[in-house]
Amino acid sequence: MNNRLKDLYTHVSVHATADREHEAAIELLLLVMMSDRHISDEEIDEIRQISADSGWETETFSFDQYLGQAMAKVRAAMIGHGVEKLLDDIDSRVASSVLRSALFSAARDVAGADHELDDDEEQLLGQIAARFD
């Protein structure tokens with residue numbers, strides 16, 4: 001991932017909803033990863049790197065600590081045909097315009113981390129672009 005996300009996000013003031021936004025961003029990126037029904041180490045590492053590069057790792061938020069909970073939430077949405085509802089929930093929690101504008105780029109980075117882009121990932125990226133870009 002390039003440093004653009006980190007540079008942009010560094011200048012955003014921290015506020016009470018930062019952890020909620022970071023959780024939502026992680027859920028979105030995991031949704032991208034899981035949309036092709038494959039989980040790869042490359043994609044997990046990319047999400048971990050995005051979290052670290054973006055400054056999301058704090059005393060109150062950690063990618064590794066939130067990973068299990070977020071994975072369960074995304075998996076439940078996918079099994080229950082609730083992806084649209086999950087996207088609505090994520091959309092409602094991300095208020096930062098800087099983070100919103102960076103999510104599509106981060107999602108694209110995750111989708112390409114395993115060097116394979118299938119139809120489900122492309123379709124989801126289109127939905128993300130429409131909502132967040």
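## Exercises on a predicted model

Among the elements of the chain in this predicted model, helix α1 (residues 4-10) has the lowest mean pLDDT, 56, while helix α4 (residues 63-79) has the highest, 95.

**Exercise 1.** Work out how far you can trust the coordinates of this chain.

*Solution.* Start with the whole chain: its mean pLDDT is 87, and 87% of its residues reach 70 or more. Next, go back to helix α1, whose mean is 56. Where pLDDT is low, predicted coordinates shouldn't be read in detail.

**Exercise 2.** Find the aromatic pair and decide: is it stacked, edge-to-face or tilted?

*Solution.* Searching the whole structure turns up 1 aromatic pair. Its partners are Phe-61 and Tyr-66, with ring centres 6.0 Å apart and planes at 50°. Stacked needs planes under 30 degrees apart and edge-to-face needs over 60, so at 50° this pair is tilted.

**Exercise 3.** Are Phe-61 and Tyr-66 buried or exposed?

*Solution.* Buried means under 20% relative accessible area. Phe-61 comes in at 3%, so Phe-61 is buried. Tyr-66 has 7%, so Tyr-66 is buried too.

**Exercise 4.** Which helix supplies the largest share of the largest nonpolar core, and what does Ile-47 touch?

*Solution.* First, the core: it has 38 residues, and those touching the most other members include Ile-26, Trp-56 and Ile-128. Then look at the helices: α2 (18-34), α3 (41-53), α4, α5 (83-93), α6 (97-112) and α7 (119-132) each chip in at least two residues. The largest share, 10 residues, comes from α2. Finally, leaving out residues up to four places away in sequence, Ile-47 touches Ile-26, Leu-29, Leu-30, Met-33, Phe-63 and Val-110.

Technical notes:
Residues numbered from 1 in each chain as written. Predicted model: local features only at pLDDT ≥ 70, side-chain atom pairs only at ≥ 80, totals over all residues. Heavy atoms only, no water. Phe/Tyr/Trp six-rings, centres within 6.5 Å; stacked < 30°, edge-to-face > 60°. Buried < 20%, exposed > 50% of the residue type's maximum accessible area, 1.4 Å probe, protein only. pLDDT = per-residue confidence, 0-100. Helix = DSSP H or I, 4+ residues; strand = E, 2+ residues; numbered from the N terminus. Core = buried A, V, L, I, M, F, W, Y, C linked by side-chain atoms within 4.5 Å. Contact = heavy atoms within 4.5 Å.
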